[in-house]
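Work through the exercises below with the sequence and the model at hand. Each task is followed by its solution in steps.

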Amino acid sequence: MELPQDPMMLFSVINMKLRDIYASLDELCSKEDLDKEFIIETLKAVGFEYSEEHNKFW
């Protein structure tokens with residue numbers, strides 16, 4: 001899967017997949033072969049954090 005470069009689009013796509021398909025960020029990254037650190041750092045740079053408890057970035 002190719003990730004959007006725009007952080008807000010990335011936020012939307014990742015949260016949609018976490019909400020609808022995957023039980024955790026680890027599972028999403030494993031199944032979709034994504035770089036977890038890239039996602040976390042890109043979204044952190046624009047003010048979002050991942051909540052394991054809620055399984056979403058906010």
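Helices (H or I, at least four residues) and strands (E, at least two) are DSSP runs, numbered from the N terminus. The model is predicted, so local features need pLDDT of at least 70 and side-chain atom pairs count only at pLDDT 80 or more, while totals for chains, interfaces and linings use all residues. Residues are numbered from 1 along each chain as its sequence is written, and side-chain values use heavy atoms, with hydrogens and water left out.

**Exercise 1. Describe the overall fold of the protein chain.**

Step 1. List the secondary structure: the protein chain has three helices and two strands. Read from the N terminus, their order is α-α-α-β-β.

Step 2. Check the dimensions. The C-alpha atoms fill a box of roughly 25 × 25 × 20 Å along the principal axes. A compact globule of 58 residues would have a radius of gyration near 10 Å, and the protein chain agrees, with 10 Å. The radius is taken over C-alpha atoms, and the globule rule is 2.2 Å times the number of residues to the power 0.38.

Step 3. Consider burial, where buried means under 20% relative accessible area, exposed over 50%, and partly exposed in between (1.4 Å probe, protein chains only). Of the 58 residues, 36% count as buried.

Step 4. Consider contacts, meaning heavy atoms within 4.5 Å. Among contacts with a separation of 6 or more, 47% come from residues 24 or more positions apart.

**Exercise 2. Place S51 in its surroundings.**

Step 1. Locate the residue: S51 belongs to strand β1, which covers residues 50-51.

Step 2. Is S51 buried or exposed? Its relative accessible area is 12%, so S51 is buried.

Step 3. Find the neighbours. Leaving aside residues up to four places away in sequence, S51 touches K56 and W58. The C-alpha atoms of S51 and L25 are 9.4 Å apart, with the two positions 26 residues apart in sequence numbering.

Step 4. Look for a polar contact (a pair of N or O atoms within 3.5 Å; within protein, one must be able to donate a hydrogen and the other to accept it, and residues adjacent in sequence count only if both atoms are side-chain atoms). The side chains of S51 and H54 make one, at 3.0 Å.

**Exercise 3. Analyse the largest nonpolar core.**

Step 1. Define the set: a nonpolar core consists of buried Ala, Val, Leu, Ile, Met, Phe, Trp, Tyr and Cys residues joined through side-chain atoms within 4.5 Å.

Step 2. Which of the 14 residues in the largest core touch the most other members? They are I14, L28, L34, I39, L43 and F57. Helices α1 (7-20), α2 (25-32) and α3 (36-45) each supply at least two residues of this core. The most come from α1, which gives four.

Step 3. Follow F57. Beyond four places in sequence, its contacts include F11, I14, L25, I39, L43 and Y50.

**Exercise 4. Find the salt bridges and judge their burial.**

Step 1. Apply the criterion: a side-chain nitrogen of Lys or Arg within 4 Å of a carboxyl oxygen of Asp or Glu. The whole structure holds three salt bridges.

Step 2. K17 pairs with E32, the closest N and O atoms being 3.6 Å apart. This pair links helix α1 to helix α2 across 15 residues. K17 is buried at 14% relative accessibility, and E32 is buried at 18%.

Step 3. R19 pairs with D20 at 2.8 Å. R19 is exposed at 61%, while D20 is partly exposed at 49%.

Step 4. K36 and D26 meet at 2.6 Å, N to O. K36 lies in helix α3 and D26 in helix α2, so the pair ties together parts 10 residues apart in sequence. K36 is partly exposed at 29%, as is D26 at 47%.
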